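Trainee: Got a minute to go through this model with me? I'd like to work through it piece by piece.

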Amino acid sequence: MAAEIVNPRSDSTSGSTTDQDGGPEPLDSFDPVFALHRGGKMAVQATVPVRDKDDLSLAYTPGVARVCTAIAEQPELVHDYTWKSSVVAVVTDGTAVLGLGDIGPEASLPVMEGKAILFKQFGGVDAVPIALDCTGVEEIVETVVRLAPSFGGVNLEDISAPRCFEIERQLQERLDIPVFHDDQHGTAVVTLAALRNAARLTGKGLDELRAVISGAGAAGVAIAKMLLGAGIGDVAVADRKGVVSADREDLTPVKRELAELTNKAGITGSLEAALAGADVFIGVSGGTVPEAAVASMAEGAFVFAMANPNPEVHPDVAHKYAAVVATGRSDFPNQINNVLAFPGIFAGALQVRASRITEGMKLAAAEALAAVVGDDLAADYVIPSPFDERVAPAVTAAVAAAARAEGVARR
């Protein structure tokens, strides 16, 4: 079976002014967003016909028993004779949904359905939304481990920090399929790709750049680590209390590790102080950065203000001082959008039946994504559009090749 993008379904109440009990008119009678979501955004369809008794005997009993027996004897056959190799579980607990925060599992489902159809639309990967009614690390880990036999990969989504780090770590240790927290690594891959092209445009090397990241949550931590892995000159990360530095005594274990890895310059104090002379600003936190702080950055700086819907630095302000400006919004150039990464990353990993997604695979994805821009590189085009049909195949191929090179591919 396969998850399919479907047109919104309607019922007899759609477009009516009152419901059958005389209550208020349904929301979708005047709001196109609700109209699109009525009945959900996805369905399940069969990939084989069941037209008569012969089809039934092959698709179900008695024929299916032969396949089950073969898999019981040779478990690896499950990849060939079920959908396991092409389906991902999109798992959330609803604690960090988009910009909405902790809204719970039921309210998270529209986002998880959206994620699933993006997997299908942009990567050809089937995905199943799974919203869990639990928030404890051990509860989530145990639940996903028990669900895992049905899936070829697990995409963790919208789980709040710092729990998300430990959940991902434990699942990666316990499962032999790719486990990927997109809020962390998808954001990091696309950010690195855009930064590579911004540096190429301005004739700079990554090793020449000092970056400041606003936000020490899931995305901020992952971006910092990926930039370090890619060879950036230096990176400092700031949270609500200022730069994450070794002299602070209020750091969580995750931030303490981050302090040991980052901030070679030994900067302390506020985000604004860190931005003085910095080459790159990366915002994944919300809030507003004062214009004076942006003006204090190095000449020809890059401003990636990715908070939604309100960037930390409005593009009109950023363009006064920066050579390259990117946001998380689709109505400005250079959108840092995770959909550029996760469909191709999973497609590549599933294609070779990778046991996990390595740092090398993520770096390969970023390089492939950056390369799509090619000779069309410009200040308003350092990252391709999600609708560029070259993106997913390029990322898929790069990730599959990296998986083979790193020895985690099983075919």
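Trainee: Which residue is the bridge partner of Ile-282 in E11?
Mentor: Phe-304 is the partner of Ile-282 there. Keep in mind that this is a predicted model.

Trainee: And what stands opposite Phe-281 in E11?
Mentor: Val-303 does. On E10's pairing with E7, Phe-281 stands opposite Val-212.

Trainee: Parallel or antiparallel, E10 with E11?
Mentor: Parallel, over 4 bridges, with E11 covering residues 301–305. Strand E7 (residues 210–214) is also joined to E10 by 4 bridges, and those two run parallel.

Trainee: What is the strand order in that sheet?
Mentor: E9-E8-E7-E10-E11-E12. It is an open sheet of 6 strands, and the pairing is mixed.

Trainee: Which ones are the edge strands?
Mentor: E9 (242–243) and E12 (322–327). Each of them pairs on one side only.

Trainee: Back to E10. Are its faces covered or open?
Mentor: Both faces are covered. Val-280 and Ile-282 lie on one side, Phe-281 and Gly-283 on the other, and all four are buried. In a regular strand, side chains alternate between the two faces of the sheet.

Trainee: Switching to helices. How many residues does H7 have, and what should they span?
Mentor: H7 has 12 residues, 163–174. At 1.5 Å a residue they should span 16 Å, and the end C-alpha atoms are 17 Å apart, so the two agree.

Trainee: Which residues of H7 are buried?
Mentor: Arg-163, Cys-164, Phe-165, Ile-167, Glu-168, Gln-170 and Leu-171. So the list holds charged names such as Arg-163 and Glu-168.

Trainee: What do they pack against?
Mentor: Helices H6 (137–147), H8 (182–201), H9 (218–230) and H10 (253–261), plus strands E5 (153–156) and E6 (179–181).

Trainee: What about H16: what is its expected span?
Mentor: 21 Å for its 15 residues, 391–405. The end C-alpha atoms are 21 Å apart, which agrees. Its buried residues include Val-391, Val-395, Thr-396, Val-399 and Ala-403. Their cover includes helices H5 (105–123), H14 (342–351) and H15 (359–373).

Trainee: Where is the positive phi?
Mentor: At Gly-407, just after H16, with phi of about 75°.

Trainee: Last topic, the surface. Which residues form the nonpolar patch?
Mentor: Leu-27, Phe-30, Val-33 and Phe-34, with about 400 Å² of accessible area together. Leu-27 sits in the loop between strand E1 (2–5) and helix H1 (32–37).

Trainee: Why does Leu-27 count as partly exposed?
Mentor: Because its relative accessibility is 43%. Partly exposed runs between the 20% and 50% cut-offs.

Key: Residues numbered from 1 in each chain as written. Predicted model: local features only at pLDDT ≥ 70, side-chain atom pairs only at ≥ 80, totals over all residues. Heavy atoms only, no water. Patch = residues over 30% accessible without salt bridge, like charges linked within 9 Å, V, L, I, M, F, W, Y side chains within 5 Å. Areas by Shrake-Rupley, 256 points an atom, 1.4 Å probe, with all protein chains shown as cover. Salt bridge = Lys/Arg side-chain N within 4 Å of Asp/Glu carboxyl O. Buried < 20%, exposed > 50% of the residue type's maximum accessible area, 1.4 Å probe, protein only. Expected span 1.5 Å × (residues − 1). Contact = heavy atoms within 4.5 Å. Pairing = 2+ DSSP bridges.
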